[in-house]
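Reader: Could you take me through the aromatic side chains of this model, one pair at a time? I would enjoy a close look at how the rings sit.

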Amino acid sequence: MKKMPIYSFLLLVLLLALWEMAAGTMSELVLPAPSIIWFTLLDGMKSGYFTQHIIRTALEVLLGLLFGGTLGFVIGILMGEVTFLRKLLFPYIIASQAVPKLALAPLFILWFGFGMTSKVVITALVCFFPLLESTVTAIQSSDKQKQELFRMLGATRFQTLIHLKIPAGMPGILAGLRVSAVLAVVGAVVGEFIGGSEGLGALIIASQGMMDTPLMFATLILLTVMGMILYLMITWFEKKWLKPYKKEK
């Protein structure tokens, strides 16, 4: 398993080499070479051209993930614990998720304006469901025998939730958080596509208007890196969280 990163790196080098050769036979407008994209990215970073856009999108992603994730976690716990609430709300939550977020974006911009608020709301809505679903599943799948032991020891329902169900369900909850983190980038970009003058999504639209394909690819790389950083941060936190439990086993 330790050799896998080497193989992955070699595969990346091979794909970039093939891309570089294929780009030599095409117009830069259609498919720019990786070397051209790299220099575009490097120049943009050095000049500070990307800075304000990165900060804007990062703020939208983090705030949307915070609000959407918190709401999904809290409602997920309530729905996992209260059967009536789960049966009451779940059809409406499923219906809300069936509506394409791209179709809702213009409506949110009409309600909340062209500023950051509308993008944060869209991002939060995208992040909400994966964490809610994983939380409900984690709470419901808690070990029944351990729950019975807690009851025999006189633990209250709240104590059982805090000391058994949530800690035991953290792997599943954090898995949902990883999905939400990646989708948060998508949500922010969707909002910026519809109405935004700042942010990496708005920059992609601007590069399309300028027919600057290398800039578009460079922006896509920045979005990819942002999503990967968020994913790796949550993975690192998950390993730290689960480490004591693995030692006990």
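Author: Happy to. Let's start with F50, which is buried, with a relative accessible area of 1%; keep in mind that this is a predicted model. The cut-off for buried is under 20%, so F50 falls within that class. Its partner is Y49, and the two rings form an edge-to-face aromatic pair, with 5.6 Å from centre to centre and 65° between the planes. Y49 itself is partly exposed, at a relative accessible area of 39%.

By the ring-pair rule, the count comes to 5 aromatic pairs. Another of them joins W19 and F217: the ring centres are 5.6 Å apart and the planes stand at 55°, so this pair is tilted. W19 belongs to helix α1 (residues 4-23) and F217 to helix α10 (residues 213-248), so the pair ties together parts that are 198 residues apart in sequence. Both partners have some access to the surface: W19 is partly exposed at 26% relative accessible area, and F217 is partly exposed at 22%.

Rings also come together in a cluster, where ring pairs link F108, W111 and F112. Those residue numbers take us to helix α5, which spans residues 101-112 and packs against helix α8 (residues 157-194) at an angle of about 60°, with the axes 9 Å apart. The two helices are therefore oblique to each other, and α5 passes α8 in a right-handed crossing. On the α5 side the contact is made by L102, A105, P106 and I109, which meet V190, G191 and I194 of α8. By class, this contact has 6 nonpolar residues, 1 polar residue and no charged ones.

Conventions. Residues numbered from 1 in each chain as written. Predicted model: local features only at pLDDT ≥ 70, side-chain atom pairs only at ≥ 80, totals over all residues. Heavy atoms only, no water. Axes fitted to C-alpha atoms, helices over the stretch in contact; angles between N-to-C directions. Helix = DSSP H or I, 4+ residues; strand = E, 2+ residues; numbered from the N terminus. Parallel < 35°, antiparallel > 145°, perpendicular 65-115°, else oblique. Left-handed = near helix turned anticlockwise from the far one by under 90°. Contact = heavy atoms within 4.5 Å. Nonpolar A, V, L, I, M, F, W, Y, C, P; charged D, E, K, R; others polar. Phe/Tyr/Trp six-rings, centres within 6.5 Å; stacked < 30°, edge-to-face > 60°. Buried < 20%, exposed > 50% of the residue type's maximum accessible area, 1.4 Å probe, protein only.
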